[in-house]
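Good morning, everyone, and thank you for making room for me today. I would like to walk slowly through one protein chain, so please keep the picture in view while I talk.

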Amino acid sequence: MTPLKRLFGDGFRVFFLSAGLFAFLAMAVWEGYLLIQALGGVLDLPTAAPPHLWHAHEMIFGYGSAALGGFLLTAVPNWTGAKSAPHRFIAVAAGLWLAGRLAVWTSGALPPALVAVLDLAFVPVLASNLLTQLIKRPKPQQMITMAILTTFWVANLMVHLEWTGLTSDTAWAGLRAGLLTLGAMIMVLGGRVTPGFTKNAMVQSGREHGLPVNPMPLAAVAIAAALTQPLGYLLGAPETWLAPFALIAGVAGLARVALWRGLWTRDKPILWTLHLSYALNALGFLTLGLANLGLTTDLAALHLLGIGGVGGMTLAIMSRATLGHTGRALIAPKPVALAYALVPLSALARCIGAELPAFHTPAVLTAGALWLAAFGLFTAALWPVFWGPRAARAPAKAAPT
């Protein structure tokens, strides 16, 4: 099998590689734009939307959709026992995702309706493939991912409705709803894999007591409260109404992760990054609730959730799934382990920039540099794994995604 055919043989290969490359390239453009501005220069981007909106949209719906695509194309067959998507479907889906990125990037020279069609095409095609598998063995905890994926698509539609001139004030709500949908997805999926993977590792080490505890009532509260946030923004609910539910989501999420024996993972980067990312995601919801009550800045909350929660958890899952599903040991290579540490530092720097105006520019540039380093390390370290064959013999049995 050629490396190119192998790349399209598994959803995680092409989409996680694309996510890593795009996270690096899109941030490099944004970092360069900010740096030139800080030096007093001017840089015109070929986008129809202002640069800050392009940055927000592409990190949410560009990077986020690639990470989601790779995860779901890998996880759903494991959940259902169905065959993985064929090479041709994965190649077409990847092409649609790339077409969306190119359309948004060159949107200044394209009709807005064409940009919308190209950018909105990927998620429905992905969802249709997943749905054909899930309906064969439907389970509520798995079907909820389809509802969340639909919410994610509608959020992007809201952005394009304004960009095409059909509405006048929906892009802001769509961007927030898109980010918060990813945060809610982490509440669901991160709340499943983090205690599960930790428990598996503890049992394999011989530990029989003091295992992670994951009470379903607490999980239901955290997930339900988190889901109110994107739905609330899509429906135009006042932020003061949404604030209590964001606070509940954050507190419940932090309570959950406190029961998962995170300290046991301190010498296992591939595990502690899951715990830390889930905690930062929950803290992002908590901080957003405070911001909507006027007690802190929403920029800090959104970047804490976006960088620390979404960025950290997707990096953790992408690296773990790539190693496990290619027959490699579930031990993070040193560059990837370093990347795990850089992402929360990036979130911290960006929050400092939001909370302390005097340090805004250096803090934001530092956050971008840390993000670039993290995803550069991830992509470079796993590059040969994405393109290469499955390991002849797995050093350790890979836990299912």
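Let me begin with alanine 173, which lies in helix H8 and is buried, its relative accessible area being 8%. If you now look for leucine 211, you will find that alanine 173 and leucine 211 are 38 residues apart in sequence, and that their C-alpha atoms are 40 Å apart in space.

Before going further, I should say that this is a predicted model, and that the mean pLDDT, the predictor's confidence in each residue, is 94 for the protein chain. Of the residues in that chain, 98% reach 70 or more. Where is confidence lowest, and where is it highest? The lowest value falls in helix H1, residues 3-7, with a mean of 90, while the highest falls in helix H5, residues 112-120, with 98. There is also a stretch to treat with care, since over residues 394-401 the pLDDT is below 50, although this stretch has 22 contacts in the model beyond near neighbours in sequence. Where pLDDT is low, the predicted coordinates should not be read in detail.

Let us turn to the interior. The largest nonpolar core has 123 residues, and those with the most contacts inside it are Met187 and Phe375. Helix H8, residues 171-204, gives the most to this core, with 15 residues. As for phenylalanine 375, leaving aside residues up to four places away in sequence, its contacts include Gly20, Phe24, Tyr63, Leu315 and Val343. As a general remark, in soluble globular proteins nonpolar side chains tend to be buried together.

At the surface there is something to set beside that core, namely a nonpolar patch of about 450 Å², made by Leu345, Leu348, Ile352, Leu356 and Phe359. One of these, leucine 356, sits in the loop between helix H13 (334-355) and helix H14 (360-387), and leucine 356 is partly exposed, because its relative accessible area of 40% lies between the limits of 20% and 50%.

Now for the charged residues. How many salt bridges does the structure hold? There are 6 salt bridges in the structure, and I will show you some of them. Aspartate 10 pairs with arginine 13, their closest N and O atoms being 3.1 Å apart; aspartate 10 is partly exposed at 27% relative accessibility, whereas arginine 13 is buried at 3%.

Arginine 101 also forms a salt bridge with glutamate 58, at 2.6 Å from N to O. This pair links distant parts of the chain, with arginine 101 in helix H4 (residues 87-105) and glutamate 58 in helix H3 (residues 51-80), 43 residues apart, and both are buried. Arginine 101 has a further salt bridge with aspartate 119, where the closest N and O atoms are 2.6 Å apart. Because arginine 101 lies in helix H4 and aspartate 119 in helix H5, this pair ties together parts that are 18 residues apart in sequence. Through shared partners, then, salt bridges join Glu58, Arg101 and Asp119 into one network.

Beside this network, please find histidine 160 in helix H7, residues 140-163. Histidine 160 is buried, with a relative accessible area of 2%, and among the residues that histidine 160 touches are His57, Val115 and Asp119, the last of which we have just met.

Definitions and conventions. Residues numbered from 1 in each chain as written. Predicted model: local features only at pLDDT ≥ 70, side-chain atom pairs only at ≥ 80, totals over all residues. Heavy atoms only, no water. pLDDT = per-residue confidence, 0-100. Helix = DSSP H or I, 4+ residues; strand = E, 2+ residues; numbered from the N terminus. Contact = heavy atoms within 4.5 Å. Buried < 20%, exposed > 50% of the residue type's maximum accessible area, 1.4 Å probe, protein only. Patch = residues over 30% accessible without salt bridge, like charges linked within 9 Å, V, L, I, M, F, W, Y side chains within 5 Å. Areas by Shrake-Rupley, 256 points an atom, 1.4 Å probe, with all protein chains shown as cover. Salt bridge = Lys/Arg side-chain N within 4 Å of Asp/Glu carboxyl O. Core = buried A, V, L, I, M, F, W, Y, C linked by side-chain atoms within 4.5 Å.
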